[in-house]
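Hi everyone, thanks for making time this morning. I'd like to walk you through one model, starting with how far to trust it and then moving through a few places I enjoyed looking at.

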Amino acid sequence: MIASQLRGGRATKPMTQIAKILLQNPQKHTPISPPTQSHHNPPWVLQTSVYSTQSSKFPEYEMPSVTWGVVQGRKERLVSRVIICDYLKSLGIVPDELENLELPSTVEVVRERVEFLHKLGLSIDDINEYPLMLGCSVRKNMVPVLAYLEKIGIQRSKLGEFVKNYPQVLHASVVVELVPVIKFLRGLDVEKMDIGYVLQKYPELLGYKLEGTMSTSVAYLVSIGVTPRDIGPMVTQYPYLLGIRVGTVIKPFVDYLVSLGLPKKILARMLEKRAYLLGYDLEETIKPNVDCLVAFGIRREALASIVAQYPQILGQPLKAKMSSQQFFFSMKLKIDPEGFARVIEKMPQIVSLNQHVIMKSVEFLLGRGIPSEDVAKMVVKCPQLVALRVELMKNSYYFFKSEMGRPVKELVEFPEYFTYSLESRIKPRYQRLKSKGIRCSLKWFLNCSDLRFEERLQGEYIETEISGPAFCMGGKLELPGVGNEMVSDEEDENEDEILYRRTVSL
């Protein structure tokens, strides 16, 4: 009768009364009494381990008192489950997902688990997001796992947030599952002090199998030219790369960029510095952005150079940015769409450059009496002008007019003059020319290495200038608010890498 009442849903008696009726069954439960204590440590007392649970060390999550269970029959287990589910419902926890989960024999144990999670910082809503965490023993699962996480660098105050983000970690075995992952990360040269940071960014790493995605992604990156010693910094910067599949994501990404004309070794250098590029969606973001560049007049042969100079362009909302900047260049700088395309080819960072920053240098040039059409020509020829600090431009211009006494026309012909250091290149070289009585163009004495400049000074004639690259300048340019880290130097560079470095080092 009782069973039919439980199944049919017609029972009018509350659950506690049903429990009392069932417990009156002749098959009484047999309590397990704890053994008598002695002066010596009895065999059932847990010895202190590496993951100590003493309250003095971990006051936030104290070890609960031991609750002795009972040997229950089928009916008793059913009653216990009903009582526990009623208790969870009274707290606002939905127990539906616990149907196939083995629950403790008493509600006191469940209460201790809920209170433990609450002390950790988890709310009822957090528990409802993953109610299976209630199946974890505080003594056997939660305390050892949390103690180990704190040991490897996750701050105690951050443990609650960590469990919220990845509650499955409470089911893990420290020795069998967690320790091997940490050893794997250390084997990739992830610094010990960075382990906690990496796991907080991507806690799901603790659930991956070592022989699966993590190993294959690392192996593939090394195969395309990524230096093994750079894998650790890459993982620290973007740990998600260990969870990205090679066949469906990384290889198609690499193949597509190579198809644009980007050599694999150059791509490898890019990934070493900006591993987050692997997170850009190929179909949804990268390909549409490349198509957008072409639609705005960028030549296909220039695409590889653009990506090499400014890889972040692949993941930006490019259509909106290009439309805004093209309109701005047309209205304020009088540069037509074709000129704008040439500007982007030479300096793709302009798509992200603040228009207020651009106008500062333009207004400085206009204020020196240079006609707007000449300023437009200067920007198209040397787009880096729009990102220079006006204070430096003023100093260079003052030296050009007061010391060198040259006409402004020469600046229009060679606007790259402003990109060279006044103290380390312009002044010393000009003084050498002046002492020898040599009169030459700005480009002749500035756009060359120190060795080449010395050779020119020793020559008995000024050689004819030949047309070189579309743009050359003397030093690395730091853009306001735009990161443009240089590619790391390699001893054994091939021709592709040398060409790339000459392009990016503009």
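Let's begin at the tail end: over residues 467-506 the pLDDT stays under 50, and the model has 80 contacts beyond four places in sequence for that stretch. This is a predicted model, of course, with an average pLDDT of 81 and 76% of the residues scoring at least 70. The other end of the chain needs care as well, since pLDDT is below 50 over residues 1-70, a stretch with 75 contacts in the model beyond near neighbours in sequence. Where pLDDT is low, the predicted coordinates should not be read in detail, so please hold those contacts loosely. Going by elements, strand β1 (residues 30-31) has the lowest confidence, at a mean of 38, while helix α14 has the highest, at 97.

Now the overall picture. The protein has 25 helices and two strands. It counts 506 residues, 45% of them buried. The accessible surface is about 27,200 Å², and carbon and sulfur atoms account for 52% of that. If you take contacts between residues at least 6 apart in sequence, 70% of them join residues at least 24 apart.

What about the interior? The largest nonpolar core has 147 residues, and Tyr417 and Phe418 have the most contacts inside it. Setting aside neighbours within four places in sequence, phenylalanine 418 touches a whole list of residues, including Phe364, Leu365, Met378, Tyr397 and Leu411.

Let's go back to α14, the helix with the highest confidence. It covers residues 282-295, and its 14 residues reach 18 Å from first C-alpha to last, close to the 20 Å expected at 1.5 Å a residue. At its start, a side-chain oxygen of aspartate 281 comes within 3.1 Å of the backbone nitrogen of glutamate 283. Which residues of α14 are buried? They are Leu282, Ile286, Asn289, Val290, Cys292 and Leu293, and they pack against α12 (246-259), α15 (303-309) and α16 (318-332). Just after the helix, glycine 297 takes a positive phi of about 100°.

A little further along, in the loop between α14 and α15, we find glutamate 301. Its relative accessible area is 64%, so glutamate 301 is exposed. Its C-alpha is 7.7 Å from that of glycine 261, although the two are 40 residues apart in sequence.

On the other side of α14 in sequence numbering, have a look at α13, residues 264-273. Seven of its ten residues are buried, so this helix is mostly covered. The buried set is Ile266, Leu267, Ala268, Arg269, Met270, Leu271 and Glu272, so you will spot an arginine and a glutamate in there.

Next, a question for the torsion fans. Most residues other than glycine have a negative phi. Which way does lysine 334 go, positive or negative? Positive: its phi is near 60°. Lysine 334 sits in the loop between α16 and α17 (337-346), and it counts as exposed because its relative accessibility is 58%. Aspartate 189 also has a positive phi, near 75°. That residue lies in the loop between α8 (174-187) and α9 (195-201), and a relative accessible area of 44% makes it partly exposed.

Two more residues before I stop. Serine 137 is in the loop between α5 (124-129) and α6 (138-151). Buried or exposed? Buried, because its relative accessibility of 17% falls under the 20% cut-off. A polar atom of its side chain lies 3.1 Å from the backbone nitrogen of lysine 140. Beyond its neighbours within four places in sequence, serine 137 is in contact with Arg113 and Met142.

The other one is valine 362, in helix α18 (residues 355-367). With 3% relative accessibility, valine 362 counts as buried. Leaving out neighbours within four places in sequence, valine 362 makes contact with Leu333, Val375 and Val386. Its C-alpha is also separated by 8.8 Å from that of alanine 376, which is 14 residues away along the chain.

That's my tour, and I'm happy to pull up any of these spots again.

Conventions: Residues are numbered from 1 along each chain as its sequence is written. Side-chain values use heavy atoms; hydrogens and water are left out. Helices (H or I, at least four residues) and strands (E, at least two) are DSSP runs, numbered from the N terminus. The expected span of a helix is 1.5 Å times one less than its number of residues. Buried means under 20% relative accessible area, exposed over 50%, partly exposed in between (1.4 Å probe, protein chains only). Contact means heavy atoms within 4.5 Å. A polar contact is a pair of N or O atoms within 3.5 Å; within protein, one must be able to donate a hydrogen and the other to accept it, and residues adjacent in sequence count only if both atoms are side-chain atoms. A nonpolar core is a set of buried Ala, Val, Leu, Ile, Met, Phe, Trp, Tyr and Cys residues joined through side-chain atoms within 4.5 Å. Accessible areas come from the Shrake-Rupley method with a 1.4 Å probe; for residues, only the protein chains shown count as cover. pLDDT is the predictor's confidence in each residue, from 0 to 100.
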